[in-house]
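The following exercises invite the reader to examine cysteines, aromatic rings and charges in a structure. Each task is followed by a solution in steps.

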Amino acid sequence: MKPILPPLGASSSSSSSSSPNSSSSANRNRQRRRPDLTLPIPHRDTSLAVPLPLPPNSAAAARQHVPILFDELERGDRIGSGAGGTVYKVFHRKTSRYYALKVIYGHHEDSVRLQICREVQILRDVDHPNVVKCHEMYDHNGEIQVLLEYMDGGSLEGKHITQEHALSNLSRQILSGLSYLHRRHIVHRDIKPSNLLINSNGVVKIADFGVGRILAQTMDNCNSSVGTIAYMSPERINTDLNHGRYDGYLGDIWSLGVSILEFYLGRFPFAVSRQGDWASLMCAICMTQPPAAPPTASREFRDFISCCLQIEPHRRWTATKLLSHPFILRGGTGGVGAGGAAVAAAAAQSQQVHRNLHQLLPPPQPRST
């Protein structure tokens, strides 16, 4: 069959017939537009333009730094001293707040000062509830002075904490700060009771993670003998161990385990005095078995100490992994000594933890005459 073809001229006729319809429709649309009903767009004067404000950004506002001037500080009593310098309690007149001012001993070359400024700038960016805040650095009369957060409870040096529940919360806070520092690739290298501070709210914070020992650390790579030998890991003291390799992060874990066990025992956990000579401490730490929690302690606490105090560094747990240890998890999320509501949900344990606050906080210092 042949396809049916349209008659000749049909296409042209259809197109011609549709053309008048479309033109008439366009004419009607043009007729419907009323020029008197159009709204003129006003001319925009760019000289008077004001940019709209951006929505508030809480993170950006928190990062804004308001400098604290040295002349605004009033120096008070001395609250600590050591090989690195002396710490004073200072009062900021403008905000009526107290800070700790650490004066670092010695006069230093310009290259060392520049390196210190870089290090302190890194420390100023550290922001964690369990790490002492570093606010400012001053170069006053040739001395480097660093403004730190003031902890009114002092250090945990010499504290005897027998309650495992409170010790669990204490360990959790330290590990939380230590895990934060390690994630930022900051190695402390001097974890010990005197560098663990507490405030009147029961919050424990890591101190002196760079400021106090910054001069001796600027030119080394975690292989020097900076820190207190009594809390150093075996492979750091004796470089023949672990094939001469030293991991600063795992070294911090060893120091943490020694400190926590010392809190529980009420004494230095090795068979020698921590103020002993270097040879005695080296033999005790490097040539004997690591100290362990006594059999009277809970299984979770004994295992926690064992996870920290391993001769082989690779067998020690990291700070992040230790936060999931059963001994840490059983302590809850409350602060040490903050009372039953903050430490545990069980009301039966609240009085016990509240009494432990008295053990943690040092006795008030006598007023100077």
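**Exercise 1.** Are Phe-304 and Phe-327 buried or exposed?

*Solution.* The model is a predicted one. The class buried applies to residues under 20% relative accessible area. Phe-304 falls in this class, and Phe-327 does as well.

**Exercise 2.** Determine how many disulfides the structure holds, and explain the result for Cys-283 and Cys-307.

*Solution.* Step one recalls the bond itself: a disulfide joins the sulfur atoms of two cysteines covalently. To be counted, the two sulfur atoms must lie within 2.5 Å.

Step two takes Cys-283. The closest cysteine sulfur belongs to Cys-286 and lies 8.1 Å away, which is too far for a bond. Cys-283 is partly exposed, its relative accessible area being 35%.

Step three takes Cys-307. Here the closest cysteine sulfur is that of Cys-308, and the separation of 6.8 Å is again too far for a bond. Cys-307 is buried, at a relative accessible area of 7%.

The result is zero disulfides in the structure.

**Exercise 3.** State how many aromatic pairs are counted, and classify the pair of Tyr-231 and Phe-268.

*Solution.* The count comes to eight aromatic pairs. For Tyr-231 and Phe-268, the ring centres are 5.8 Å apart and the planes meet at 80°. Planes over 60 degrees apart count as edge-to-face, so this pair is edge-to-face.

The next step locates the two residues. Tyr-231 belongs to the loop between helix H5 (214-217) and helix H6 (234-237). Phe-268 belongs to the loop between helix H7 (248-265) and helix H8 (278-286). The pair therefore ties together parts that are 37 residues apart in sequence.

The last step concerns accessibility. Tyr-231 is buried at 2% relative accessibility, and Phe-268 is buried with a relative accessible area of 9%.

**Exercise 4.** Describe the pair of Phe-304 and Phe-327, and name the cluster to which these residues belong.

*Solution.* The centres of the two rings are 5.2 Å apart, and with 40° between the planes the pair is tilted. Phe-304 lies in helix H9 (residues 299-308) and Phe-327 in helix H11 (residues 326-329), so that the pair links distant parts of the chain, 23 residues apart. Ring pairs join Phe-304 and Phe-327 with Tyr-264 and Phe-301 in a cluster.

**Exercise 5.** Which lysine lies over the face of Tyr-98, and which over the face of Trp-317?

*Solution.* Over Tyr-98 lies Lys-89, at 4.3 Å from the ring centre. Over Trp-317 lies Lys-321, at 4.4 Å from the ring centre.

Notes:
Residues are numbered from 1 along each chain as its sequence is written. This is a predicted model: local features need pLDDT of at least 70, side-chain atom pairs count only at pLDDT 80 or more; totals for chains, interfaces and linings use all residues. Side-chain values use heavy atoms; hydrogens and water are left out. Buried means under 20% relative accessible area, exposed over 50%, partly exposed in between (1.4 Å probe, protein chains only). Rings of Phe, Tyr and Trp (its six-membered ring) pair if their centres lie within 6.5 Å; planes under 30 degrees apart count as stacked, over 60 as edge-to-face and the rest as tilted. Helices (H or I, at least four residues) and strands (E, at least two) are DSSP runs, numbered from the N terminus. A charge sits over a ring if NZ of Lys or CZ of Arg is within 6 Å of the ring centre and within 35 degrees of the ring normal.
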